[in-house]
Amino acid sequence: MRTAYTSDQIRAAELALMATLPEGTLMGRAAAGLAVTCAGLLTGLHGRVYGSRVAVLAGGGDNGGDALYAGARLARRGARVEAVLAGSRAHEGGLAALRAAGGRAAAFDEARARETIGRADLVLDGLVGIGGGGALREPYATLAGLAGETPGLVVAVDVPSGVDASTGRVEGPAVRAHVTVTFGAYKTGLLVDPGAERAGAVELVDIGLGPHLPDPDAAALTDEDVADLLPRPGAESDKYRRGVVGIAAGSDRYTGAAVLSVGGAVRAGAGMVRFASAEEPVRHVRARWPEAVTTVLDPSLVLKSSLDEVGRVQAWVLGPGLGTGPDAHAVARAVLATDVPVIVDADGLSIVARDRALLRRAAPTLVTPHAGELSRLLDVPRERIEARRLEHTRRAAAELGVTVLLKGSTTVIAEEHRPARVNTTGTPWLATGGTGDVLSGIAGALLAGGLTCYDAASCAAHLHGLAARIAARGGAGGRSEAPIAALDVAQALPEAVRAL
Ligand SMILES: NC(=O)C1=CN([C@@H]2O[C@H](COP(=O)(O)OP(=O)(O)OC[C@H]3O[C@@H](n4cnc5c(N)ncnc54)[C@H](O)[C@@H]3O)[C@@H](O)[C@H]2O)[C@@H](O)CC1
Ligand SMILES: [K+]
């Protein structure tokens, strides 16, 4: 598991560790690790460090200190290092080390900074780290913009400047790095968009913080974690024990979403799928997935909140293509009145946004909105949600008393009193119609298989992203990606499980 922390958590751990070590030890470790990564990148570019040009953007705090000390190490290996000092003061020790190693440094001057950055092979962003707050002020903002114009590689020190290390929030100009070298532990803002996207590849330098770290603020599952969590059939298993998932989706008007959700559940390893809906979607599901046991719902029974005719299930998926009219509302009421875990997705979310009381139930509930749907659930503008994804996912979990999976560029999962989970798999090709319906089916299968909402959501997102990548590459070994359809994602699920 990759665990991540807020700035405050990191700072507290650093203080505790620092108290046990001679002054300067931590910065020495950080700068040494940073210099090794930069030297590796420069060697990759030119075959050597000697003679390469490095621009160090140094803020007034310790983040600038790290960058200046790393610059000094590169200068000692023959790099031509020039530092742009952005603050009214610079880290004294770092600046002296850089100068002693033959590097140059001067206070910010726009024309000169443009020239230095414009000819650099590598720009080291040491403007602000975990001490940053709010939008970058001048001249930091200008320098963050100039870093975007360099022909060279951009390496962010600890976090890309302009990205909030605790949340991934970006308010104004921010550095876009090829590589971020982060110290001691991952910061949550490096895993959550828009910060994650600004960070590029993240490398962790161990500075000995481990024993001082508290419970994480967020975590990302690895393939191994998902392999361990995934319910797998044993010799004793039969279809009932493996988990029966009920899917209440589709309507005479929308049949595709139902087919995709059932496909996700079948391919993710449900013991059995019971599909309940109107006549037309039932016909489509039977034609595409003969494995599913189908029931045409009698509206009068649903109105009495009875789903007895469907048979026993261990979890329900509610919503894809369901519609939002009175019949759909009755189905939602009946499903949410059951005593098993329920995933509410798509139209199901529109229904509960209008009738929040439906979410007050004893059994666990997982909601899987995208930003627009979460905007309706929380009554917060979509743009605010996009800019502060983690914060709003947590808020929804607390306010609604459910587990929340927010879909999007990085999928975030929140449940009260648990670290947020951040998904790291996927491909931009996933942004296509119907993939969310497949996700609901996968999560349903895992929930019916016995996972909690929190684990089912995290594992479903992981597998979904992995399957999408495999589908886009035409197989686990493929190198370049191509467009995919939602059904391709469902079809690639077995290969994703095999690849874990
Ligand atoms: N505390 C420690 O033990 C260690 C800290 N390290 C480094 O130290 C960093 C934290 O250092 P600091 O606490 O000095 O803080 P930073 O250097 O991250 O930021 C503080 C500086 O940024 C300026 N600043 C803050 N917000 C700004 C904004 N919006 N616009 C413009 N300027 C802004 C402040 O005026 C101050 O000069 C870490 O990110 C890491 O790089 C590492 O050396 C490892 C050890
Ligand atoms: K930085």
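**Figure 1. Pairing of strands β3 and β4 in the predicted model.** Strand β3 covers residues 80–85 and strand β4 covers residues 104–107. The two strands run in the parallel sense and pair over 4 bridges. Within this pairing, L85 stands opposite A107 of β4.

**Figure 2. The β-α-β crossover from β3 to β4.** After leaving β3, the chain passes through helix α4, residues 92–100, before it reaches β4. The crossover formed in this way is right-handed. The loop between β3 and α4 includes H91.

**Figure 3. Surroundings of H91 in the loop between β3 and α4.** H91 counts as buried because it has 25 C-beta neighbours inside 10 Å, where 20 or more are required. Leaving aside residues up to four places away in sequence, H91 touches D62, G64, G65 and L68.

**Figure 4. H91 and R232 in the frame of the whole protein.** These residues are 141 residues apart along the chain, and their C-alpha atoms are separated by 55 Å. The C-alpha atoms of the protein fill a box of roughly 85 × 45 × 45 Å along the principal axes. The radius of gyration is 26 Å, which agrees with the value near 23 Å for a compact globule of 500 residues.

**Figure 5. Secondary structure and contacts of the protein.** The protein contains 21 helices and 19 strands. Of its 500 residues, 56% are buried. Among contacts with a separation of 6 or more, 71% join residues 24 or more positions apart.

Note on methods: Residues numbered from 1 in each chain as written. Chains lettered and ligands numbered in written order. Predicted model: local features only at pLDDT ≥ 70, side-chain atom pairs only at ≥ 80, totals over all residues. Pairing = 2+ DSSP bridges. Right-handed = clockwise from strand over helix to strand, strands pointing away. Buried ≥ 20, exposed ≤ 12 C-beta atoms within 10 Å, placed from the backbone. Contact = placed C-beta atoms within 7 Å. Rg over C-alpha atoms; globule rule 2.2 N^0.38 Å.
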